[in-house]
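Biologist: Hi! Could you walk me through this model before I start working with it?
Modeller: Happy to, so have a look and ask away.

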Number of protein chains: 2
Amino acid sequence: MSRPHGVQAEPGQSRYAALAAALRTRIVAGDWPPGTALPAEQQLAAEQGVALGTMRRALELLTGQGFIERVHGRGTFVKPGLSGASPLRFFRFGDGAAAPASRILARDTLPVPAGAAQQLGIAPGTPALRLHRLRLLAQQPRLFEEIWLPLPLFSTLASGDPADWGDLLYPLFASRCGVHVHRAQDVIGFCTLDGAPAQALALPPGHPCARVQRQAFDLAGRCIEARTTLGDAHAFHYTVSIT
Amino acid sequence: MSRPHGVQAEPGQSRYAALAAALRTRIVAGDWPPGTALPAEQQLAAEQGVALGTMRRALELLTGQGFIERVHGRGTFVKPGLSGASPLRFFRFGDGAAAPASRILARDTLPVPAGAAQQLGIAPGTPALRLHRLRLLAQQPRLFEEIWLPLPLFSTLASGDPADWGDLLYPLFASRCGVHVHRAQDVIGFCTLDGAPAQALALPPGHPCARVQRQAFDLAGRCIEARTTLGDAHAFHYTVSIT
DNA sequence: AAGTGGTCTAGACCACATC
DNA sequence: ATGTGGTCTAGACCACTTG
């Protein structure tokens, strides 16, 4: 008995988990780029010589892991990537209606310091792109960001006028560099403001501030951005649900 | 009640969603108390005149919502409630190995102030139980907590020696008051220390601190605890994953 | 050995989106 | 009208736990 195009299940692993892993591998490899549709579940099931329900369970797994989205009547699509997950969501500045704006204060190619290097998984001292960026709400500067980007990948951002970048970075990463942010992790902490950030935010040195350290990852799990965001501690608020 | 077909599906609602809602109602009503086992899925399916797979989907829904736990080979159990979700998890004090201890500084029956009343969903000024509690790590006071508890429910805690309560409150709520915490929500912010909390934590007035405001809810969705936790802002840290 | 949940099958039919 | 995913059925067999 032989299956047409079978997937090997490791011992102790269910058939649908093996199918999900195989599909995940193909998605990460780029067989179906972000935003495109997978074959119909019927076809996938037939290809793998498996019952429809089994393939559906595999696809449900991938949905839960954030790799695909299923739309009733339309199809199954590779998730296009995060677009609006700004650290601004951790702050309340009282002008909820106003659209956030962003201004690039500096863009330099510099040897990456130890901290950012570790987050990016590259050797310290490697040249990388460093951005200083201000986020504004209702013309008021609210957040100061330092962003490190690894350099072969983001070299197209090293030239051109940053004023043309728009207010969101992740769509820019996708369109200009082909980098899709699949997942991110923010570590929240507390510190006091000093130097350039204090000046940019028009707050006195020593002012208490909330710090959000972000690592952003692509589909393959590589860290493609290390970002530190600083904002007034008194405007910080975040809600956690426990179950 | 022994009609073979038990559950009405509202229009637009799937059969398994209706079954889940019906089971959820019975769980909240106390038909199966926390920790006890539900009937086998086979039996539940037969009772409701539904296929096994459909009942399984209903039970999967309830699992995802945190109402039940399924254990292979043993059965399906109503979740016993949260036990270890201390706000301590938001802080790093460098002595990870040490077991946290707690000390009740004050216990009073007082008219509940506006803020706590709103969180608890009761009228301001209603008598309620107020606790002041210190959390210690390696003999060092680390967190100061103010806890408001609604009074008919927690009256058994108004007497007796708080020194006998142990270090965890939620197991105490379950054993002494029959209250099981099913879900909680923490709102995180920053402020400055002052007065009693500053003194209890041996920190100077004006010191920056992290504030965790918690609402805890029982199975029925009633808020049964309003708690404010204060700790040194420099020890605060929290990780958020974005997908 | 008996009872439980977990996996898998091979269908049928429904609801939604698009042409 | 066609193709997509969503629901539901009625089984079979497997894996785990307990007496």
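Biologist: Which residues line the largest pocket?
Modeller: From chain A there are Y16(A), G53(A), R56(A), R57(A), E60(A) and L61(A), and from chain B come Y16(B), G53(B), R56(B), R57(B), E60(B) and L61(B). The elements giving two or more residues to this lining are α3 (52-64) of chain A and α3 (52-64) of chain B. On a 1 Å grid over the protein atoms alone, a pocket is an open set of points with protein on both sides within 12 Å along at least five of seven lines, a cavity is a set where a 1.4 Å probe fits but cannot get out, and lining residues have an atom within 4 Å of a point. Helices (H or I, at least four residues) and strands (E, at least two) are DSSP runs, numbered from the N terminus.

Biologist: Anything I should know about the model itself?
Modeller: This is a predicted model, where local features need pLDDT of at least 70, side-chain atom pairs count only at pLDDT 80 or more, and totals for chains, interfaces and linings use all residues. Residues are numbered from 1 along each chain as its sequence is written, chains are lettered from A and ligands numbered from 1 in the order in which they are written, and side-chain values use heavy atoms, with hydrogens and water left out.

Biologist: Back to that pocket. How much space lies in it, and what classes of residue line it?
Modeller: The largest pocket holds about 400 Å³, where a volume is the space filled by probe spheres set on the grid points, joined across faces, edges and corners. Its lining has six charged, four nonpolar and two polar residues. Here Ala, Val, Leu, Ile, Met, Phe, Trp, Tyr, Cys and Pro count as nonpolar, Asp, Glu, Lys and Arg as charged, and the others, Gly among them, as polar.

Biologist: And cavities, how many of 30 Å³ or more are there?
Modeller: Three. The largest cavity has a volume of about 110 Å³, and of its 14 lining residues S83(B), S86(B), L168(B), L169(B) and R227(B) are the closest to its centre. In chain B, β4 (127-137) and α6 (169-177) each supply at least two of the lining residues.

Biologist: What about the second largest cavity, which residues lie nearest its centre?
Modeller: S83(A), S86(A), L168(A), L169(A) and R227(A), out of 14 lining residues. The space in the second largest cavity is about 90 Å³, and α6(A) gives the largest share of the lining, three residues. By class, that lining has six nonpolar, three polar and five charged residues.

Biologist: Switching topic: what turn lays chain B on chain A?
Modeller: A turn of 180° with a shift of 0.1 Å along the axis does it, at an RMSD of 0.1 Å. That is the relation of a two-fold axis. In chain B, P208(B) has the C-alpha nearest the axis, 3.7 Å from it. The copies are superposed by least squares on the C-alpha atoms of residues with pLDDT of at least 70 in both.

Biologist: How many residues are in contact there?
Modeller: 27 residues of chain B are in contact with 26 residues of chain A, contact meaning heavy atoms within 4.5 Å. The area buried between the chains is about 2300 Å², with carbon and sulfur atoms giving 60%. Buried area is the accessible area (1.4 Å probe) that two parts lose on being put together, summed over both. F190(B), I242(B) and T243(B) supply 30% of the area that chain B buries against chain A, more than any other three residues.

Biologist: Is H207(A) buried or exposed?
Modeller: H207(A) is buried because its relative accessible area is 14%; buried means under 20%, exposed over 50% and partly exposed in between (1.4 Å probe, protein chains only). H207(A) sits in the loop between α7 (195-201) and β7 (208-217) of chain A. Not counting residues up to four places away in sequence, H207(A) touches C191(A), T192(A), L193(A), D232(A) and H234(A).

Biologist: Last one: which residue in the loop between β4 and β5 (140-150) of chain A should I look at?
Modeller: Q139(A) is in that loop. Phi of Q139(A) is near 65°, a positive value in a residue other than glycine. Q139(A) counts as exposed, at 71% relative accessibility. In chain B, A138(B) is found in the loop between β4 and β5 (140-150), and phi of A138(B) is near 55°.
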